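Reader: Could you take me through one part of this model up close? I'd like to hear about the aromatic residues.

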Amino acid sequence: MPNNIITIKKYQGTQEARLHTFLQRFVQSIANRSGQYRRQWFRDQGYPDYGLLTNERGSYSLMAAAMDRITPIHQSEMSVSKRVDYRKPANRDRPRHRAGRVDLWSYSDGFEYFMEFKRGYLSPAHMHGCTVPKTIRDPWKDLVNQIVEVKQGIAHDPDYEEYWAHTYFIGMHTVTIRRRSKNRKTIRSAHVNQFTQVELRNWSRKLSPIPDAVFAWKIAPEKHRICPIDWSDDKEIKWVSFPCHLFCFTIKCN
């Protein structure tokens with residue numbers, strides 16, 4: 001498939017090669033499934049669209065389909081036990097554990113993966129700015145906290161004791177670069193290659209905490225989703241394009 005994934009930052013940690021390969025295959029599968037979505041949608045509707053550009057839950061269904069290409073052993077919205085953080089006053093009267101769910105659980109080659117997902121959109125102006133916008137920063141922090149809660153909850157669950165050495169807790173934040181313009185010609189001429197691998201890596205380092213692994217999917221100019229949008233505030237037709245997706249991972253293990 002032509003949807004080539006670029007490694008921006010490689011995971012450094014336990015089972016480095018195994019986990020990096022797993023994440024790379026997963027992101028590549030997401031790109032391939034999204035590309036299939038685009039081609040089928042174009043045949044049926046006459047204009048391009050990507051599975052990753054659906055609403056949040058819609059994109060999660062695509063991720064489950066992508067995981068199915070890697071391993072048939074997976075579940076969406078799997079029930080788990082989560083640890084309660086008693087440092088927060090609101091939690092002091094709550095049970096030590098609470099019931100929860102993870103977006104996706106999978107089992108592959110003797111390893112279990114508990115995964116949570118977030119997604120957001122990033123303007124190219126913020127790519128070169130000094131700070132990460134709140135719409136990206138806050139969900140990323142929430143995602144990291146969710147992964148810690150799941151890890152701590154399962155760590156104290158006797159049902160998982162024998163698998164503890166073969167379990168990873170993974171949060172993936174999909175950040176889609178979204179370009180807007182009043183002119184279709186201008187938006188087509190702004191090629192995605194202006195976002196170099198170095199620039200993407202430098203931006204990902206602005207996230208706090210810094211991601212453990214980052215991949216990028218750059219979409220060829222002729223395959224961008226480019227369409228007009230009617231903005232109700234100024235009644236002008238503007239154009240929007242989605243030339244690149246970043247997949248930022250936070251990873252916890254025992």
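Are phenylalanine 114 and phenylalanine 169 buried or exposed?

Author: Both are buried: phenylalanine 114 is, and so is phenylalanine 169. Keep in mind that this is a predicted model. The rings of these two have their centres 5.5 Å apart, and with their planes at 20° they count as stacked, because planes under 30 degrees apart fall in that class. The pair also links distant parts of the chain, since phenylalanine 114 sits in strand β4 and phenylalanine 169 in strand β5 (residues 167–181), 55 residues apart.

Now for the wider setting. The structure holds eight aromatic pairs. One of them is phenylalanine 22 with tyrosine 113, a stacked pair at 3.8 Å centre to centre and 5° between the planes. Phenylalanine 22 belongs to helix α1 and tyrosine 113 to strand β4 (residues 111–122), so this pair ties together parts that are 91 residues apart in sequence. As for how hidden they are, phenylalanine 22 has 4% relative accessibility, so it counts as buried. Tyrosine 113 is buried as well, with a relative accessible area of 2%; the cut-off for that label is under 20%.

These two rings have further company: Phe22 and Tyr113 form one aromatic cluster with Phe111 and Tyr168.

If you follow the chain back from helix α1, have a look at glutamine 15, in the loop between β1 (5–9) and α1 (16–45). Its phi is near 55°, a positive value in a residue other than glycine. Unlike the buried rings, glutamine 15 counts as partly exposed, at 37% relative accessibility.

Definitions and conventions: Residues numbered from 1 in each chain as written. Predicted model: local features only at pLDDT ≥ 70, side-chain atom pairs only at ≥ 80, totals over all residues. Heavy atoms only, no water. Helix = DSSP H or I, 4+ residues; strand = E, 2+ residues; numbered from the N terminus. Buried < 20%, exposed > 50% of the residue type's maximum accessible area, 1.4 Å probe, protein only. Phe/Tyr/Trp six-rings, centres within 6.5 Å; stacked < 30°, edge-to-face > 60°.
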